[in-house]
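Here is a short report on a structure, written for a first look. Keep the sequence and the 3D view side by side as you read.

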Amino acid sequence: MLALGGACACLAGVLRRDAPPVRPLLSCCVVATLAACVVAGRERQRSRSAAWLVSSARAARTPLRHGTVGWGVLAWVALVLTAVASDLVFVLVVKSPDAPTLSRLIGAVTARPAGRALLFAAWLGAGSWIALGWRRSPP
Amino acid sequence: MSAGSALWLALGAAATLLAVAGEARPRRLPRVADLAHWWMASWAGRVALLAAWAEAGFHVFTQRP
């Protein structure tokens, strides 16, 4: 699996953004990750979705009841919202070709094949961790 | 340095500070892994995370900046 992921990352590094194989490559990676998530995760989730949704909604209504942990979560939420809002302002309001949008910042990394390949490998690694990580032991 | 670049630097510094603080005081502040694990606890959260991951991938690797 590591070798396959490495090969995909190398291929993504070599291909241009608008090359025809890029979308099928990405689609295959997404489908394979989803399939691995379903196969590896049967009866191994730590919580049921309904219970998780209810407890999350309850925690979101009163975040400060959880002490400094609640403050920490609020800080992360504020950080993410600020980043999203800033990018939207740069894209929709400033509209300058020199505006430092997230796309431009990331584009500086993906402009080079090595940067593109490394970022693709990191993206695959993150997807694998989300799909396979943090599960109960097999029944 | 432009104001926009300074803003991104400040956001990056704040994120790094929060992440380091969370690792240093795991019982008082949430770690990045704890936040991800909260999403990954159920199928609903995990699928939502994967959808965001897939969308980010298509946006970064196929769209022109």
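## Chain A: helices only

Chain A holds six helices and zero strands. From the N terminus on, its elements run α-α-α-α-α-α. Keep in mind that this is a predicted model.

How much room does the chain take up? Along the principal axes, the C-alpha atoms of chain A fill a box of roughly 50 × 45 × 20 Å. The radius of gyration of chain A is 19 Å, whereas a compact globule of 139 residues would have one near 14 Å. Buried residues account for 17% of the 139 residues in chain A.

Contacts in chain A often link distant parts of the sequence. Take the contacts with a separation of 6 or more: 62% of them join residues 24 or more positions apart.

## Chain B: three helices, two domains

Chain B has three helices and zero strands. Read along the sequence, its pattern is α-α-α. The domain assignment splits chain B into domain 1 (1-29) and domain 2 (31-65). The centres of these two domains of chain B, taken over C-alpha atoms, are 20 Å apart.

The box for chain B is roughly 40 × 35 × 10 Å, again taken along the principal axes and over C-alpha atoms. A compact globule of 65 residues would have a radius of gyration near 11 Å, but the value for chain B is 16 Å. In chain B, 18% of the 65 residues are buried.

## Where the chains touch

How many residues does each chain bring to the contact? Chain A brings 44 residues, and chain B brings 33 residues. On the side of chain A that touches chain B, the elements giving two or more residues are α2 (22-41), α3 (49-61), α4 (67-94), α5 (102-110) and α6 (113-132) of chain A. Of these, α4(A) gives the most, with eleven residues.

What kinds of residue make up this side of chain A? By class, 26 are nonpolar, 13 are polar and five are charged.

## The nonpolar cores

In soluble globular proteins, nonpolar side chains tend to be buried together. The largest nonpolar core here has eleven residues in all. From chain A come C8(A), A9(A), A12(A), L26(A), C29(A), A117(A), F120(A), W123(A) and L124(A). From chain B come V60(B) and F61(B). The elements that each supply at least two residues of this core are α1 (2-14), α2 and α6 of chain A, together with α3 (43-62) of chain B. The largest share, four residues, comes from α6(A).

Now zoom in on one member. Leaving aside neighbours within four places in sequence, which residues does A9(A) contact? They are A117(A), F120(A), A121(A) and L124(A).

There is also a second, separate core of six residues. Among its members are W52(A), A131(A), M40(B) and A41(B).

## A closer look at G41(A)

G41(A) is found in helix α2 of chain A. Is G41(A) buried, exposed or partly exposed? G41(A) counts as partly exposed, because it has 16 C-beta neighbours inside 10 Å. A buried residue needs 20 or more such neighbours, and an exposed one has 12 or fewer.

For a sense of scale, compare G41(A) with K95(A). They are 54 residues apart in sequence. In space, their C-alpha atoms are 44 Å apart.

Terms used. Residues numbered from 1 in each chain as written. Chains lettered and ligands numbered in written order. Predicted model: local features only at pLDDT ≥ 70, side-chain atom pairs only at ≥ 80, totals over all residues. Contact = placed C-beta atoms within 7 Å. Nonpolar A, V, L, I, M, F, W, Y, C, P; charged D, E, K, R; others polar. Domains from an automatic or database assignment. Rg over C-alpha atoms; globule rule 2.2 N^0.38 Å. Core = buried A, V, L, I, M, F, W, Y, C linked by C-beta atoms within 7 Å.
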